[in-house]
Amino acid sequence: DTKGIFSGSKGLREGRQKGSKAYVNSPAYTAKVEYYGIRNLNIGLSYYGGKSQSKLFQNLDRNDAQTLTNADSSVVNINMLGIDGRYNWKGLQLRGQLYWVNMNNTDQYNIFTRTNGVNNDLGSQMLGYYAEIGYNVFKLCSKTKTQLIPFFRYEFYDMHYAVGSVITKNESYKNTILTTGL
């Protein structure tokens, strides 16, 4: 099966597996460190590293060079690095995240998962971040225990932050979103 589950428009989203239906060919590694040393401030640094999984490795004859090449072309090496932060002070709430994703083997994957002679369009890097500010307006009323927090969020993500040599960068995969609410 050469159907690609990853693409430029959806990124890695379709790569999630249900627990009972999951298959694993190689382990992934994840870590997170959080810092709470300053009052009301939390900062986190996280990492994920691993390969996407492929059913083509099941019962694979490792002596068959062509099937091994096909199986290798069906996976993407994924490394994600993220930083996040939250700060609360007298009703003011600030939060944000930044994630950078670097993927290897995307040229081989895009060729292997082509449809009707057209290469798939998974980029080799993705970048996304958001910053949010909010204020608990009920903080001004000392007797009120509930919260009402109007907020504003600025988001940016680029699913084609960098691309390999077999596809062209698609500028429509670069998006800015402004959100406000309660």
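The questions and answers below deal with salt bridges and side-chain exposure in this predicted model.

Q: What makes the contact between D84 and R86 a salt bridge?
A: The closest N and O atoms of D84 and R86 are 2.6 Å apart, and because a salt bridge requires a side-chain nitrogen of Lys or Arg within 4 Å of a carboxyl oxygen of Asp or Glu, the pair qualifies.

Q: Why is D84 called buried or exposed, whichever applies?
A: D84 has a relative accessible area of 4%, and because buried means under 20%, D84 is called buried.

Q: How do you know which class of exposure R86 belongs to?
A: The relative accessibility of R86 is 28%, and since this value lies between the cut-offs of 20% and 50%, R86 counts as partly exposed.

Q: Why is the pair R153 and E155 called a salt bridge?
A: Here the closest N and O atoms are 3.9 Å apart, which is within the 4 Å limit and therefore meets the criterion. R153 itself, with a relative accessible area of 24%, is partly exposed.

Q: What makes K174 and E171 a salt bridge, and how is each residue classed by exposure?
A: K174 and E171 have their closest N and O atoms 3.3 Å apart, so the 4 Å criterion is met. With a relative accessible area of 37% for K174 and 48% for E171, both values fall between 20% and 50%, and both residues therefore count as partly exposed.

Q: What joins K32, E34, D84 and R86 into one network?
A: Salt bridges that share partners join these four residues, and the structure holds nine salt bridges.

Terms used:
Residues are numbered from 1 along each chain as its sequence is written. This is a predicted model: local features need pLDDT of at least 70, side-chain atom pairs count only at pLDDT 80 or more; totals for chains, interfaces and linings use all residues. Side-chain values use heavy atoms; hydrogens and water are left out. Buried means under 20% relative accessible area, exposed over 50%, partly exposed in between (1.4 Å probe, protein chains only).
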